[in-house]
Amino acid sequence: MSEEQKEKKYLSELLNKVDNKLTEINQAIKGKSDEIAGMHKHMQDHKRDMDNLEKNAMREVIRNYSLQGNHSIENRKRLIRLKDTAFFGRIDFLEDNNKVARNIYIGVHNFQDSESKKNLVFDWRAPISSLFYDFELDEAYYEIKSKKIEGNILLKRQFRIRNGEMEYMLDTDVTIHDEVLQKELNKASSAKMKNIVATIQKEQNAIIRNEEARHLIIQGVAGSGKTSIALHRIAFLLYRFKETITSEDILIISPNKVFASYISNVLPELGEESVAETSVEEIADELLEYQIKFQTFFEQVTELLERNDQKLIERIQYKSSKELLRKLDEYYIFLQNDAFKITDIYVKGKLVPSWFIKETFEKYNRMPLLKRFNEVVREIVENVFRFYKLEIRYKDRTELHITIRKMFPSYSPRVLYKGFYDWLGRPDLFKLKKGSKYEWSDVYPFIYFKMKIEGFNYSQKVKHLVIDEMQDYSYVQYQVLSRLYACKKTILGDINQSVNPFSSSSLESIEKIFPGATSMTMLKSYRSTYEITQFTKRISQNINVEALARHGDEPVVTACKTNDDELNEIKKRIDEFDGGEYNSLGIITKTQKQADALYLSIKDFYKINLLNAVSVAFGSGIVITTAHLAKGLEFDQVIVPYCTSKNYNTAPDQQMLYVACTRTMHKLYVTHTGKPSHFILQ
């Protein structure tokens, strides 16, 4: 019997055992369901005859049965996934001092033989599975409970199994696994990010299995798989620390709903529950109790791209800086020490001297500023009663509150925040948008200030925070997030893909905000072909990126004589895509206005999806979107239109062009009418 026949026999026997287990679980689920239904009927039929103790006891039994049923349903889901892709790897490991090697099959989930209690498949997150990712044929080891198990890998084999059928197997003695990796990377894209357990690389595995870092910062170039690796890291932590952390304890901050939808499939594929997802806008809305209207980050970036407003840029840069927080802290001290203009007051004809009010105010200096006034009023009321036997109630107490607060410039955080810029001598730095909306650059400085003067409750529920697109959050935003979430963090992004360089954070500044953080770098790009990667390196020349040796067509830059010619060139590429083998084509513009106009020009000829700020999902086929919304997404082919010297000229434009061109896996088309952007001529 050949090796392939032996492996197919093992697969067949494994799937039979999985089927038997599924039958057993289905019967157990039906049995529990029937028992629960019977108990519900019994309670209904005898509710008048049962006392409260009997009812509560039966409800507890029903609850326990329901929990057992839910656990069985989760096991069934795992077994169904196992039937589709039973395993993807095998290693034969001979431990030191042993004579017989262990055959270790590795898959998405663990599967144990009910009779022999032997693991027929090991979960990819199990300690022993690290051998598959970290070592080739020769000496190797893995660690379990701080114990190092040493030995030799005698065989390393990879498989592709789909729908329970083995498509191929491959013995390998190279890093994962160049041939398998190339096969996976050459496949067409899909509408959802997929798990990559079969092709995790050694450097990626080190990030996934890092247990020690309280804060892990991942700097990864475009196409390095950093988001996927972060999600696999979450799956690993949920497996490794299942006693202390669940999916409900994890929160992901993602850039937009489209991206959140795109990554939503990864954790369920890995057998874990989906985790909560939010954005910095949603966090701000919640902290501000939905009382303040503000510009979104997307709207801010759009404004920057559509007009080169130096005063706007100055406001953004200042309000993203460490200097702003230093000045806000100074302003807070000023409000605390000098803004409270205390005078003697009379309550029901009795004197309350200013020195008493001042001492009481200062006594509570550990409390947030605006919360101290209530304490001042409370102590006045108590002392008036103690010394004068007078009760201050209702209207009199309300008037006392008003009297005390009038000694302070304002009790409104919004008024005090606006006053900060007057105190600073720069009232021009505070500018409201139409409809009294805050500029996006004001939102987190205002939250920081509001937290200081009113206090806040940090989240104890979140035990691990994932921050994606780390470069797009400002120093001020990180300071707020670090106070809100005093938990472990995985922070990831690419400093070279900032969509707003005037407020972005560098790797060094993020490291300073989270002292003691572990930083790891991913320089290898797996998404694009070698030719496309070399082209994008010319757009942003400071980028250190290693291109994978996967070759394809050179990017095509087409000069058009007229706008109509450019539109026809785009239609020609769409027609080629429609008749080809690929699943997705992204047409990526700089601004939303350009995307909207292009969509109106061609929507009657093709089935096209337009993404905008309110989109919540990403599908396959033809998609028109902006570079900002395309971040984190990938397409089989990409068209970047309007690549002229006028349209792509500034630093933000350069970042957008780089992001747009790095979204493609296989083919890149760039078009322009008139003088081309100097970024593609470098």
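**Strands, helices and two odd phi angles**

Visitor: In which sense do strands E13 and E14 (residues 488–493) pair, and over how many bridges?

Guide: E13 and E14 run in the parallel sense. Heads up, this is a predicted model: local features need pLDDT of at least 70, side-chain atom pairs count only at pLDDT 80 or more, and totals for chains, interfaces and linings use all residues. Residues are numbered from 1 along each chain as its sequence is written, and side-chain values use heavy atoms, leaving out hydrogens and water. Strands (E, at least two residues) and helices (H or I, at least four) are DSSP runs numbered from the N terminus, and two strands pair if DSSP finds at least two bridges between them; for E13 and E14 the count is four.

Visitor: Which residue of E14 is the bridge partner of Ile-467?

Guide: In a regular strand the side chains alternate between the two faces of the sheet. In E13 (residues 464–467), His-464 and Val-466 point one way and Leu-465 and Ile-467 the other, and all are buried (under 20% relative accessible area with a 1.4 Å probe, protein chains only; exposed is over 50%, partly exposed in between). Across in E14, Ile-467 has as its bridge partner Ile-491.

Visitor: What is the handedness of the β-α-β unit made by E13, helix H18 (residues 475–484) and E14?

Guide: Picture the strands pointing away from you: if the path from the first strand over the helix to the second runs clockwise, the crossover is right-handed. The unit of E13, H18 and E14 is right-handed.

Visitor: Which strands sit at the edges of the open sheet?

Guide: This sheet has six strands with parallel pairing, in the order E10-E9-E13-E14-E8-E15. An edge strand pairs on one side only, which leaves E10 (276–278) and E15 (518–522).

Visitor: And which residue of E15 stands opposite Ile-217?

Guide: Strand E8 (residues 215–220) pairs with E15 in the parallel sense over five bridges. Opposite Ile-217 stands Ser-519.

Visitor: Why is H20 called roughly parallel or roughly antiparallel to H24?

Guide: H20 (residues 530–539) and H24 (residues 651–661) pack with their axes 9 Å apart, at an angle of about 175°. Those axes are lines fitted to C-alpha atoms over the stretch in contact, with angles from 0 to 180 degrees between N-to-C directions. Under 35 degrees counts as roughly parallel, 65 to 115 as roughly perpendicular, over 145 as roughly antiparallel and the rest as oblique, so H20 to H24 is roughly antiparallel.

Visitor: How many of the residues in the contact of H20 with H24 are nonpolar?

Guide: Contact means heavy atoms within 4.5 Å. Here Ile-532, Phe-535, Thr-536 and Ile-539 of H20 meet Gln-654, Leu-657, Tyr-658 and Cys-661 of H24. Ala, Val, Leu, Ile, Met, Phe, Trp, Tyr, Cys and Pro count as nonpolar, Asp, Glu, Lys and Arg as charged, and the others, Gly among them, as polar. The split is no charged, two polar and, for nonpolar, six.

Visitor: What is the phi of Glu-289?

Guide: Most residues other than glycine have a negative phi. Glu-289, in the loop between helix H9 (280–287) and helix H10 (297–306), counts as exposed because its relative accessibility is 55%. Its phi is positive, about 55°.

Visitor: And the phi of Tyr-394, what is that near?

Guide: Tyr-394 lies in helix H15 (residues 394–406). At 65% relative accessibility, Tyr-394 is exposed. Its phi is positive too, near 50°.
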